[in-house]
Amino acid sequence: LDKDLIIKSVKKTNRLITVEESWPFTSVGSEIAFLVQNEAFDYLDSPIKKINSADVPMPYSSVLEEQYLPQVEDIILGIEEVCYI
């Protein structure tokens with residue numbers, strides 16, 4: 001984890017969004033969110049946004065898998081949310 005690069009990016013953009021295909025609890029995004037709120041909280045202009053898979057077991061059906069994994073639309077909505085668009 002490149003801690004200095006993450007902090008530098010937050011200082012530049014004043015925002016943080018993490019996107020990953022994992023459960024929201026105890027994910028890498030959670031660790032990054034903790035790092036930023038602990039060391040760069042004053043630079044944030046909006047709440048930290050985590051975009052993860054659904055908090056359920058991974059389905060085998062391809063139709064359900066689309067609902068389980070983060071999609072492009074989820075990421076766009078997250079960006080609009082932290083940018084107050």
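Let me start at N14, the residue that comes after helix α1, where phi is positive, near 65 degrees. Please keep in mind throughout that what we are looking at is a predicted model.

Going back into the helix itself, α1 covers residues 3–13, and its buried residues are I6, I7 and V10. Around the helix axis these residues cover an arc of only 95 degrees, which means that they lie on the same side of α1. If you turn to the face that points away from this buried side, you will find the exposed residues D4, L5, K8 and K12; I would ask you to note that a leucine, L5, is listed there together with D4, K8 and K12.

What, then, do the buried residues of α1 pack against? Their partner is α2, the helix that runs over 28–39. Both helices feed into the largest nonpolar core, which has nine residues in all, namely I6, I7, V10, L16, I32, L35, V36, A40 and L44, and α1 and α2 each supply at least two of them. As a general remark, nonpolar side chains in soluble globular proteins tend to be buried together.

I would like to stay for a moment with V10, which sits in helix α1 and belongs to that core. V10 counts as buried because its relative accessibility is 1%, where the cut-off for buried is under 20%. Once its neighbours within four places in sequence are left aside, V10 is in contact with R15, L16, V36, A40, Y43 and L44. One of these partners, Y43, is 33 residues away from V10 in sequence, and yet the two C-alpha atoms are 6.9 Å apart in space.

My last residue is S46, which is found in the loop between α2 and β2, the strand at 49–51. Is S46 buried or exposed? With a relative accessible area of 7%, S46 is buried, since the term applies under 20%. Which backbone oxygen does the side chain of S46 reach? That oxygen belongs to V82, and the distance is 3.2 Å. Leaving out its neighbours within four places in sequence, S46 is in contact with N14, R15, V82 and Y84, and that brings us back to N14, the residue with the positive phi after α1. R15, for its part, is listed among the contacts of S46 and also among those of V10.

Note on methods:
Residues numbered from 1 in each chain as written. Predicted model: local features only at pLDDT ≥ 70, side-chain atom pairs only at ≥ 80, totals over all residues. Heavy atoms only, no water. Core = buried A, V, L, I, M, F, W, Y, C linked by side-chain atoms within 4.5 Å. Buried < 20%, exposed > 50% of the residue type's maximum accessible area, 1.4 Å probe, protein only. Helix = DSSP H or I, 4+ residues; strand = E, 2+ residues; numbered from the N terminus. Contact = heavy atoms within 4.5 Å. Arc of directions from axis to C-beta. Polar contact = N/O pair within 3.5 Å; in protein donor to acceptor, adjacent residues only side chain to side chain.
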